[in-house]
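These are my notebook entries on a single structure. I set down what I looked up, in the order in which I looked.

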Amino acid sequence: MTTQPYTRQDTSRLSNGWISYRVGQFSLAAQWEVEAGQLLTLFGPSGAGKTTLLRAIAGLVRPQEGSIRIGDRMVFDSDSGLFVPPHRRRVGFLTQGHHLFPHLTVAGNIAYGLARATPAGRQRRVAELVEMFQLNGLEQRRPDEISGGQQQRAALARALAPSPELMLLDEPFSSLDIELRRTLRGELREKLRAAAIPAILVTHDIEEAISMADQVQIIEGGQVGAAGNPLQLLGQPGQGRVARLVGVENLIPMVVTSVQPQDGTMVCARQDGGSPRLEVPLSDVAQGDQVTVGIRASDIILSDSEPRGSSARNRLPGVVSDVRLRPPGYQVTLDCGGLDLSCHITGTSLNEMGIRSGDSLWAVFKASSCFLVRD
Ligand code: ADP
Ligand code: MG
């Protein structure tokens, strides 16, 4: 195997810093810290400054103020005037377009960053990466003679070949289809962890952020907003702004009608006090308080009869008012008596159940799938 075990000395491979950068009308203020083998995801709308931040870390632009450490080396410090140029920062940078050199073979591309190795050392490292990224047999092909997935694998291999101290990934898989994206990101995550390389990933894809990241930062308008655990922050975002940004499908204005500390739950009703009622996790609010309850569409199960003997606390009858394609599946809207619930199901479930507008169904979900959202 090519990947090094995580050793004690690798723990010095921490990358961190902060910058303040103004360009044209745009200003960016950010700070970050990623440990060896960990992955930080930057999540935010288009134009938020995500690419600009990666470019600053790579040394492609020079912030007015800040300090940047990559591994055990300072590469930028505005106070002392230190600015290490990009080619000496030991950073791997991968973007959506693979940017392989069209005139070089796969092997030639992977060897590109290994100019300082001996010919034998270079050959060995190329062979390792070819093996690691399953490019066997394609070594002598040029980029236009391999598939899109193979091109992106070759680009990853090229970026990892010189053993960078930090990997920067700017929406690297967004041009690939969903299956390939899942496979590649799993492989990449495993390789970065095994080689103890810290990484910063920009993505628009919530599934990608949750499955790959150890921590997430939300960037909006050049500012870092919320930061934290991916599942908590993106899966059950407690802030209204973040919930809207990550597209929580159900955000329901409700009122707390009773609290049940013994169960760790409370009951909420529509704001006019009417049904349906929802059981949600206990929070530091009081009876009578107005709240917004968030539920992910993918956390709701649809059933064609009233589920009995189920531990799920929420079971709402409703009528299907809309069915539409929402890859990778379908979005079914269920009118539960004045409360429209958006539910996400697979195409297989949709076909098996033969769901159509006008059908009577039950929406089933756990209390713990509900979360309170604050503005
Ligand atoms: P993101 O990657 O989050 O979509 P970018 O980092 O590409 O966003 O861009 C953030 C903002 O910075 C945009 O408004 C963009 O127009 C602006 N920007 C980036 N580079 C320059 C530049 N060289 N001159 C002027 N504005 C720039
Ligand atoms: Mg960008």
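I began with Ser20 and found it in strand S1 (residues 15-23); helices (H or I, at least four residues) and strands (E, at least two) are DSSP runs, numbered from the N terminus. At 17% relative accessibility, I enter Ser20 as buried, a word that means under 20% relative accessible area, with exposed over 50% and partly exposed in between (1.4 Å probe, protein chains only). Setting aside residues up to four places away in sequence, I list Leu28, Pro63, Gln64 and Glu65 as touching Ser20, where contact means heavy atoms within 4.5 Å.

I note the conventions here. The model is predicted, so local features need pLDDT of at least 70 and side-chain atom pairs count only at pLDDT 80 or more, while totals for chains, interfaces and linings use all residues. Residues are numbered from 1 along each chain as its sequence is written, chains are lettered from A and ligands numbered from 1 in the order in which they are written, and side-chain values use heavy atoms, with hydrogens and water left out.

**Asp77 and Gln331**

I next looked up Asp77, which lies in strand S5 (residues 73-77). What is the nearest side chain of opposite charge to Asp77? It is Arg62, 9.6 Å away, and Asp77 is buried yet has no salt bridge. For charge, Lys and Arg count as positive and Asp and Glu as negative, whereas His and the chain ends are not counted; a salt bridge is a side-chain nitrogen of Lys or Arg within 4 Å of a carboxyl oxygen of Asp or Glu. Apart from neighbours within four places in sequence, Asp77 is in contact with Gly66, Ser67 and Leu82.

I then turned to Gln331 in strand S18 (residues 330-335). Its relative accessible area is 16%, so I record Gln331 as buried. The contacts of Gln331, beyond neighbours within four places in sequence, include Asp322, Arg324, Ser342 and His344. I also checked Gln331 against Gln123, 208 residues apart along the chain, and found their C-alpha atoms separated by 51 Å.

**Nonpolar cores**

I looked for nonpolar cores, that is, sets of buried Ala, Val, Leu, Ile, Met, Phe, Trp, Tyr and Cys residues joined through side-chain atoms within 4.5 Å. The largest has 50 residues, and Ile110, Leu135, Leu156, Met167, Leu169 and Leu192 have the most contacts inside it. Helix H4 (residues 148-160) supplies the largest share of this core, six residues. A second, separate core holds 29 residues, among them Met254, Cys268, Leu341 and Leu350. From the largest core I followed Met167, which touches, among others more than four places away in sequence, Gly92, Leu156, Leu192 and Ile200.

**Aromatic rings**

How many aromatic pairs does the structure hold? I count two aromatic pairs, by the rule that rings of Phe, Tyr and Trp (its six-membered ring) pair if their centres lie within 6.5 Å, planes under 30 degrees apart being stacked, over 60 edge-to-face and the rest tilted. Phe76 and Phe83 have ring centres 6.1 Å apart and planes at 85°, so I class the pair as edge-to-face. Phe76 is buried at 1% relative accessibility, and Phe83 is partly exposed at 25%. Phe101 and Tyr112 form a tilted pair, 4.6 Å centre to centre with 50° between the planes.

I also looked for charges over rings, which require NZ of Lys or CZ of Arg within 6 Å of the ring centre and within 35 degrees of the ring normal. The charged end of Arg158 sits over the ring of Phe101, 5.0 Å from its centre. That of Lys191 sits over the ring of Phe133, 4.5 Å from its centre.

**Salt bridges**

I count 19 salt bridges. Arg181 bridges to Asp205 with the closest N and O atoms 3.6 Å apart, and both residues are buried. Lys191 and Glu187 meet at 3.9 Å, N to O; both lie in helix H5, four residues apart, about one turn of the helix. Lys191 is buried at 8% relative accessible area, as is Glu187 at 12%.

Asp284 and Arg374 form a salt bridge at 3.4 Å between the closest N and O atoms. Asp284 is exposed at 67% relative accessibility, and Arg374 is partly exposed at 43%. My last entry is the network in which salt bridges that share partners join Glu179, Arg181, Arg182, Arg185, Asp205, Glu207 and Glu208.
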